[in-house]
Amino acid sequence: MGLRPSIWLMKWENQTSGNRLVDWLLRPASRFWQFASLAVLLGIAVSTSLRENWGSDNAFVVKAAETLLAGGSPYEDKRFLYLPSAVIMAVPEALLPHTVLRWVLPVGMSGLLGIGWLAALRLFAVPLRSRFAVCGLAVFALAYKPYVNLVLIGNWTAISAAALPVALLLARRRSWGAAGLVIGLAIACKPMLVPIGLLFLFARQWRALAVAVLVPVGVSLAGALMMPSPSLFFTKTLPFLLQGQDSYALPWDASPIAVLPRLGVPEPVAVVVAFAGAAAGLWGAWRRWRRPDDADQGELRLVETACMVMLAAFLVSRPSFDHYLLVVLPLLLASGVRAGSMPRSPWFWLALTPQVALVPWPSELAHKRRAFKDCATLCGLAIMMARRALRSGRVTLEPVTTAGSPPRTEPECAATPAESASRTAF
């Protein structure tokens with residue numbers, strides 16, 4: 001007799017072979033794999049430095065800092081879309097020679113992504129010398145196309161990808177004030193992590209929230225006082241950003257608000273669909289925060305709530321590029337050591353398939369139509385996270401044997417929470 005899909009998925013996620021795989025991944029990696037993984041990451045950085053279009057996104061920020069140093073207003077350039085604080089943060093880059101920056105920037109992008117990966121591993125107590133830790137980021141870099149794209153263009157999304165895992169690690173250790181400082185500094189560079197303020201609200205960490213707000217506000221005020229015509233941010237940059245930019249960014253914008261009209265859906269309908277999905281995601285994040293799991297020590301709850309908040313924001317942000325998902329994916333991948341986590345589901349890997357390198361997609365989905373694949377991945381992950389957040393906690397049924405009877409499953413008396421698959425390493 002066949003099994004329903006939900007029953008099959010539950011068996012797939014909880015099967016013993018999955019735990020054996022995790023145990024194998026948590027064993028120490030040999031020196032060969034350590035050097036091989038390092039070679040992969042450095043090879044990506046070096047090959048990026050040799051390309052002509054390296055640092056294309058970072059160039060807008062560096063140009064803004066150079067304009068400030070020359071006495072002009074950075075917001076004369078409509079492509080500079082960050083807060084005034086980002087101009088101050090970019091001054092060190094503007095002082096570096098172009099040749100030095102060519103080699104430093106890709107390594108810096110890779111280093112920031114590596115920091116996020118290590119923090120995510122520490123959050124789930126994964127040994128840093130394990131096969132999972134050593135080889136995981138290298139395999140991810142080779143298989144996941146937006147990783148190479150982010151290193152190539154030098155977008156400051158990498159700062160958020162490092163800051164969010166570090167902040168969650170600090171929050172898990174009850175250093176909420178330090179977590180707020182990390183988030184505030186990341187927002188000062190790029191306001192991508194503004195939605196994480198909801199996590200501080202859920203946790204009622206008012207001081208941490210105040211720090212996360214006051215740090216970018218204070219640095220932005222200092223930057224505004226240093227530049228001429230800071231009001232251009234409100235009169236020129238902000239309206240341009242709220243309109244979703246223009247045809248320059250549209251082909252790569254993966255938000256449903258931009259993609260659905262390109263597929264023939266009226267724009268008002270696309271806006272309603274995107275905001276309805278975001279609202280459902282935020283409700284799911286609240287429900288997930290309110291539902292601690294007995295088998296979890298708080299890490300999975302913290303990560304899934306934060307990731308759900310960010311995915312909900314990506315559904316309605318304009319634009320929403322492919323590399324935005326690098327903010328949440330390292331955290332979700334690291335959570336795979338826990339039973340019942342998202343990477344234990346085959347649907348998680350199916351949602352990532354459009355972003356996998358070397359997959360022979362039709363030519364119609366290449367280049368300027370790549371956003372269709374990016375939107376599919378974004379929506380797939382958001383739907384999965386919302387489904388997990390809104391469902392009730394699961395239990396694992398164990399067989400109960402009574403005298404004179406064969407083994408049987410007794411749901412009422414034998415239900416026990418699923419155990420964690422991770423090891424304590426710190």
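A charge sits over a ring if NZ of Lys or CZ of Arg is within 6 Å of the ring centre and within 35 degrees of the ring normal. With that in hand, let's walk through this predicted model.

Q: Which arginine has its charged end over the ring of tryptophan 289?
A: The criterion asks for a distance within 6 Å of the ring centre. Here the charged end lies 3.8 Å from the centre of the tryptophan 289 ring. The residue that supplies this charged end is arginine 301.

Q: How many helices and how many strands does the secondary structure of the protein come to?
A: Let's take in the whole chain before the details. Of its 426 residues, 48% count as buried. Among contacts with a separation of 6 or more, 75% join residues 24 or more positions apart. As for secondary structure, the total is 20 helices and four strands.

Q: Are helices H9 and H10 roughly parallel or roughly antiparallel to each other?
A: H9 covers residues 157-172 and H10 covers residues 176-189, and their axes lie 8 Å apart. The packing angle is about 170 degrees, and angles over 145 count as roughly antiparallel. The relation between H9 and H10 is therefore roughly antiparallel.

Q: Which residues in H10 are met by residues of H9?
A: On the H9 side, the contacts come from Ile159, Ala163, Val166, Ala167, Leu170 and Ala171. Their counterparts in H10 are Trp176, Ala178, Ala179, Val182, Ile183, Ala186 and Cys189.

Q: Is arginine 174 buried or exposed?
A: Arginine 174 sits in the loop between H9 and H10, and its phi is near 65 degrees, a positive value in a residue other than glycine. Most residues other than glycine have a negative phi. The relative accessible area of arginine 174 is 73%, and over 50% is the cut-off that applies, so arginine 174 is exposed.

Q: Is alanine 125 buried or exposed?
A: Alanine 125 also has a positive phi, near 55 degrees. Its place is in the loop between helix H6 (98-123) and helix H7 (131-143). With a relative accessibility of 18%, against a cut-off of under 20%, alanine 125 counts as buried.

Q: Which peptide bond is cis, with omega near -5 degrees?
A: Most peptide bonds are trans. The cis bond leads into proline 319, a residue in the loop between helix H16 (299-316) and helix H17 (329-334). With omega near -5 degrees, the bond in question runs from arginine 318 to proline 319.

Q: Which residue has its backbone nitrogen 2.9 Å from a polar atom of the side chain of aspartate 253?
A: Aspartate 253 is in the loop between helix H13 (232-242) and helix H14 (256-262), and it is buried because its relative accessible area is 0%. Its side chain makes a polar contact of 3.0 Å with the side chain of serine 255. Farther along the chain, aspartate 253 touches residues including Arg318, Pro319 and Phe321. The backbone nitrogen at 2.9 Å belongs to serine 320.

Q: Is H5 roughly parallel or roughly perpendicular to H12?
A: The axes of H5 and helix H12 (residues 206-226) come within 6 Å and cross at roughly 80 degrees. That value lies in the 65 to 115 range, so the arrangement of H5 and H12 is roughly perpendicular.

Q: What distance separates the C-alpha atoms of proline 84 and methionine 227?
A: Proline 84 is in helix H5 (residues 84-95) and counts as buried, at 9% relative accessibility. Along with Ser85 and Ile88, Pro84 is among the H5 residues that meet H12. Proline 84 touches Tyr75, Ser220, Gly223, Ala224 and Met227, not counting residues up to four places away in sequence. Although proline 84 and methionine 227 are 143 residues apart along the chain, their C-alpha atoms are separated by 8.7 Å.

Q: How many aromatic pairs does the count come to?
A: Rings of Phe, Tyr and Trp pair if their centres lie within 6.5 Å. Ring pairs link Tyr75, Phe80, Tyr82, Trp156, Phe233 and Phe234 into a cluster. The count of aromatic pairs comes to 14.

Q: Are the rings of phenylalanine 32 and tryptophan 33 stacked or edge-to-face?
A: Phenylalanine 32 is exposed, at 56% relative accessible area, while tryptophan 33 counts as partly exposed, at 44%. Their ring centres are 5.1 Å apart. The planes stand at 75 degrees, and over 60 is the cut-off that applies, so the pair is edge-to-face.

Notes
Residues are numbered from 1 along each chain as its sequence is written. This is a predicted model: local features need pLDDT of at least 70, side-chain atom pairs count only at pLDDT 80 or more; totals for chains, interfaces and linings use all residues. Side-chain values use heavy atoms; hydrogens and water are left out. Helices (H or I, at least four residues) and strands (E, at least two) are DSSP runs, numbered from the N terminus. Buried means under 20% relative accessible area, exposed over 50%, partly exposed in between (1.4 Å probe, protein chains only). A polar contact is a pair of N or O atoms within 3.5 Å; within protein, one must be able to donate a hydrogen and the other to accept it, and residues adjacent in sequence count only if both atoms are side-chain atoms. Contact means heavy atoms within 4.5 Å. Rings of Phe, Tyr and Trp (its six-membered ring) pair if their centres lie within 6.5 Å; planes under 30 degrees apart count as stacked, over 60 as edge-to-face and the rest as tilted. Axes are lines fitted to C-alpha atoms, for helices over the stretch in contact, and angles run from 0 to 180 degrees between N-to-C directions. Angles under 35 degrees count as roughly parallel, over 145 as roughly antiparallel, 65 to 115 as roughly perpendicular and the rest as oblique.
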